Amino acid sequence: MSRDFGRQVWAPDAKEGYVLGTLDDIGTEEITVVRKDGQGQIKASYDEVFPAEDDPKKTVDDNCALMYLNEGTLLNNCRQRYSKKQIYTYVANILISINPYEEIENLYSIDTIKKYRGKSLGQMPPHVYAVADKAYREMRRNKESQSIIVSGESGAGKTESQKAILRYLCENWGAAAGPIQKRILETNPILEAFGNAKTLRNNNSSRFGKFVEIHFGTDDKVAGGYVSHYLLEKSRVCRQADGERNYHIFYQLIAGAPDDLYKRLRLAPPDKFKYLKHGTTTFFVRPGSKSRISSERLSEQARKSGLLVDAIVDDAADFSHLADALGRAGLTKEEIGDIWRTVAGVLHLGNVEFDENPNDNRGGCMVDPGSEQALIIASELLGLEISEMKMGLVSRIMQATKGGVKGTLIRVPLKPHEAAAGRDALAKAFYSKLFDWLVSRINKSIPFEKSVSYIGVLDIAGFEFFEVNSFEQFCINYCNEKLQNFFNERILKQEQELYAKEGLNVPKIDYSDNHDCIELFEKKPSGLLDLLDEESRLPRPTPQHYTMAAYGSNKGHFRLESPRRSRLRQHRDLREDEAFLVRHYAGTVCYQTAQFLDKNNDTLHNSLEFLVEQSSVPFIRNLFEGSHAPEPAPGRRSGSGRLQAATVGGKFRSQLTILLEKLRETGTHFVRCVKPNSTMSAGICDGAAILSQLKCAGMASVLKLMQKGFPSRTSFADLYEMYRRQLPPDLARLDPRLFCKCLFHALGLNNVDYKFGQTKVFFRPGKFAEFDQLLRQDPEQMRELINKVRSWLLKARWRKAQYGAWSVIKLARKIAYRAQLITRIQSHLRGYIARKQFKPRLDLYRKSISLLDRSHEMMSVINQLQPVSREKWTGTVRETTNSIETLVSNVRRSSDFEFELDRALVCYQQCVQRVDHTIAQLKKQLAADEQQKLLELERKRREEEEEAARQRAEEERLEQERLQRKQLAEEREKEEQRYKLAMATEAQRAEELRIQEEQRMASAERERLDATIATRLSRDGGGAMMDTPTTSMSSGSSIDSTTKPKGKYDLSTWRYAELRDTINTSTDMELLLACKEEFHRRLRIYNAWKSRNQSQQENETPRAPNAVYANAQKRTVIAPQVNPALIMQRYFKVPFSRPADIYKNHNNNNNNNNCLITDSRTVQNGLWYAHFNGQWIQRQIEMHPNKTPVLLVAGRDDLHMCEIPLDQTGLTRKKGAEILETEFETVWLHLGGAPMQKWRP
């Protein structure tokens, strides 16, 4: 454990996102980290601290190549690369792009475009060109259209990324298209001029969404294009927030128009127009360029504070580029002039003011006399009669009853605010129709009749949040929710489902699902969009009623909340019927609903439509052609029961549905754009803001998935079919799966780089080049690969032939060995038969030999007699011996022994009698020796009694062990009964804890979302932050903190080292017990943290058998402990299987004997011994074959030992697991373990 303290980790920081520090202490719920920059300590939950790389300055092109894959290393890698002006980084096949806010030399040059052509991901440094090239190659290979989704916050650089992608595709494969290529590229300045504007967070923010399709013909060259646009922010035409601007075209026209055009359109400085003066009225110039704008065109603000500087936007220069682009797009000079006329007419129309008409007793209004000139100019530019226009603005025509054109028409005077609303609606209609016409005109100039497939690039307004958020942000963020959900489905959900279906055993990755937020918007009939449309149908719709209806229809919804729950003070001051909070995937946004109804209404009342249709300018009439429809009275419906015109929200929802269908039908590629700071300054990296955007974009979840995942794949059948025509007959017979395996081995790929599923082969991140090499449909390349396959297959077959020869040799030797054994068996059998046949003769022979031996013993007895007696008995003994020898000789030599057997037996009996008689007589002579013999017998008797005593002692010891084992078995059965009784109560308690945990996590998620955007707004100067306590989301400590037993000792503030020292030195039983519980609780949490954050190169070493931890996962409540448990010593022995090290040298694959090689682990089976002192482990032994036994002792090796309390391991209930103390001590001492001193209280 000591080596873990001091390791480098990433700790959370409010400003930097993550800062580098060293691990100082571990607690139950928090880790203490000492900052490397010397600014003190950080205490954070386990889920917020991550291991750091050994070299924090190291950078990699692909974040999946990092040793530790987590939020801290992801942020640090992006931050380090950004400081080196390397703005692109991969997460597998997803590109992260950080806006540099400056021009980087040669980043988008023609030479750079050439370098990336045909290169796979990973062969060149990360770049948006690599993503574009990958999309093109997959379109050709798969014969399927592709989409590149460029997403990110406003100001993150989405538009520039889209332009770079389009330029790359057109430069490489559009040269033959001639003018079509140029027209496709010229769409960008046109759409940016009319659809982009300065916001608080981006000087060139796209205020609409666009999906640009580059179509390719049968020759895979650019054949045309098509632009789809979504949700133009029409309200910006009439009003802008402080510090923002209207659309660029208004300022470009004023700044760059030639003098004759400027005078003809009656233009003036921006602060002279109502539609421009409420925001910033200053022009943009590029850094280092000299302004070409005359002083009389500058506003007072520009004269005082100077012009704005931006690397991309230059109003005067952009106007001339816009005029050229319009001309190259095929527009005539007359059409271009009509565009300028319409834009200027909108500006002058905004200067028309209204006042109450004292002569109208119905409360009508009139045009303010001071704005008569503006009315005249607007009428002239728009080709309208002045009187008709004045009448159309101050009154409206209504159709009282059904009757079509024959019905009675009523002219209703308007109040000043109603007339102003009508004027704004007309201005917005002019501008939106002009924008629609421009897009349509662009599409006509780039037809795609010969299209086979296309590559679409989506650039849509990113997630937005301001201090004041209205209907525009509501729709934009709804769109981003849908796109984020599509990203989750395509990258996280469908990817994991495919892995499971193919049986790849990739660990499941949890991610934040925002489906419930989309339901909040779309669900019928309680969704926010449907409620807004329903409110518009009411006779007297009000924003307040809509807001309260939203609360009432979605009561208790996690994603919807009152503004009083906001973390910003100014939002809390709002009434409940004025706004609501929506918890988006990126954070909580407060929407003020005051203008929702007006902005959602996309209709223009009939008097103004009739007015526009009478314009003398054909261009104006064409803009509104087909848009007229009779207007019903307020609250009335058409005959079909529906309103005549669709709402803005309804149109956008339909467009979004079509867009997502397109995306689902195409192969998708993702570019995640990130905004590095809120001041739009080059070289400044706001770590907290970057981290927030990366987390909201789901990059952390993608990083975890791609660490274990396989982003590239193809089916066996498709890969085989691609090569089939080039295959010779001997290879064409191969099964597609077998052919693929042969192909990979021929390329030298090892079985870590790829994995075979049921129907597809999958490639690891970073192997895109090898994957593309396989799928490159170049005949020469394919023939080369086929030759490699043939060569490898021949080598594999030769190895099989060698193996066959070796097998034959081995079989021959086995046959010879078996023959030798059979011969030996036959020999033994023949001997048995012979012995059975001659058994009587052999028996007599053996008896005779035995009798002869006895006669020899008589001679030895005679030698012990006195000489007189010896002489007396010598002759008799010798005669008897000679008779026996004669008998033995006759039995041995007789050829027909069966006939002489009876006589021999009689002779044998006689000899026996003679021997017995002689021996009896000799015994009398040996009477003197009897006493000695008795003494010898007494000695033997004593020895036998001692041996019997020893046997009885051993039996008693074995009986005692048997009784102890029986007692252990009874205790185990009792423990099992107690366990079953406790499980019912524990299951209920666990369910309560689960509910509490879900509530806690929901509360923590609520606090996180509420704080995410509020913190950024507060840091950007957008408002005062309210102090609200946050909830820890540490998954590692949630259970333990909930179930922490209460006692008289509060050890939460103790350091880890203090707990360990107290355990080793204290004699206070209660304090010792409390310290052990707290010590092991922290150890469990820390080990869980280490397991979650282990590096890619290291495999976690198991501290105990899997069965121990599997049982512990089922238990959530630690059983209460009593003091006697402190001194209860128990011992266990269980099997312990652990995976061996994986062989990492894959360069010798050609030496393998098998053609089919799988990624497998060998398993080593061993034994695991444990000595528990009370609830906690005291000693541990790990024994594995061919490895040195590992002996661990508590207090020294805690980090490598089992940290689970005994009652959670299940060992006490496992049959045969518990052993006696003597068995454990014998093994411990045999392996060299030091004797353990028994503790006594």
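Mentor: Ile809 is found in helix 30 (residues 779-837). Keep in mind, as we go, that this is a predicted model.

Trainee: Why is Ile809 called partly exposed?

Mentor: Its relative accessible area is 45%. Buried would need a value under 20% and exposed a value over 50%, so Ile809, at 45%, counts as partly exposed. Together with Tyr803 and Trp806, Ile809 forms a nonpolar patch on the surface, with about 360 Å² of accessible area together.

Trainee: What makes Arg950 partly exposed?

Mentor: Try the same reasoning with a relative accessibility of 49%. That value is not over 50%, the cut-off for exposed, and not under 20%, the cut-off for buried. Arg950 therefore counts as partly exposed. You will find Arg950 in helix 34 (residues 930-1019).

Trainee: How do you know that the side chains of Arg950 and Glu947 are joined by a polar contact?

Mentor: Their contact is 2.3 Å, and the limit for such a pair of N or O atoms is 3.5 Å.

Trainee: Let's turn to charges. What makes Asp13 and Arg35 a salt bridge?

Mentor: The closest N and O atoms of Asp13 and Arg35 are 3.0 Å apart. The pair links distant parts of the chain, with Asp13 in strand 1 (residues 8-13) and Arg35 in strand 3 (residues 30-35), 22 residues apart. A salt bridge needs such atoms within 4 Å, so 3.0 Å qualifies. In total, the structure holds 60 salt bridges.

Trainee: Why does Arg35 count as buried?

Mentor: Arg35 has 12% relative accessibility, and anything under 20% is buried.

Trainee: How do you know that Glu335 and Arg441 form a salt bridge?

Mentor: Their closest N and O atoms are 3.4 Å apart, so the pair passes the test of within 4 Å.

Trainee: What makes this pair a tie between separate parts of the sequence?

Mentor: Glu335 lies in helix 11 (residues 333-350) and Arg441 in helix 14 (residues 416-445), so the bridge ties together parts that are 106 residues apart in sequence. Glu335 is buried, with a relative accessible area of 18%, and Arg441 is buried with a relative accessible area of 18%.

Trainee: Now the rings. How many aromatic pairs does the structure hold?

Mentor: There are 37 aromatic pairs.

Trainee: Why is the pair of Tyr18 and Phe50 called edge-to-face?

Mentor: The ring centres are 5.7 Å apart and the planes stand at 65°. Centres within 6.5 Å make a pair, and planes over 60 degrees apart count as edge-to-face, so Tyr18 and Phe50 fit on both points. Both Tyr18 and Phe50 are buried.

Trainee: And what makes the pair of Phe471 and Phe474 stacked?

Mentor: Phe471 and Phe474 have 25° between the planes, and 6.2 Å centre to centre. Since stacked means under 30 degrees, the name fits.

Trainee: How do you know that Phe471 and Phe474 are separated by about one helical turn?

Mentor: Because Phe471 and Phe474 are three residues apart in helix 15. Ring pairs also link both of them into a cluster whose members include Tyr478, Phe521 and Phe652. Phe521 is one of the buried residues of helix 16 (residues 515-522).

How values were computed: Residues numbered from 1 in each chain as written. Predicted model: local features only at pLDDT ≥ 70, side-chain atom pairs only at ≥ 80, totals over all residues. Heavy atoms only, no water. Salt bridge = Lys/Arg side-chain N within 4 Å of Asp/Glu carboxyl O. Helix = DSSP H or I, 4+ residues; strand = E, 2+ residues; numbered from the N terminus. Buried < 20%, exposed > 50% of the residue type's maximum accessible area, 1.4 Å probe, protein only. Polar contact = N/O pair within 3.5 Å; in protein donor to acceptor, adjacent residues only side chain to side chain. Patch = residues over 30% accessible without salt bridge, like charges linked within 9 Å, V, L, I, M, F, W, Y side chains within 5 Å. Areas by Shrake-Rupley, 256 points an atom, 1.4 Å probe, with all protein chains shown as cover. Phe/Tyr/Trp six-rings, centres within 6.5 Å; stacked < 30°, edge-to-face > 60°.
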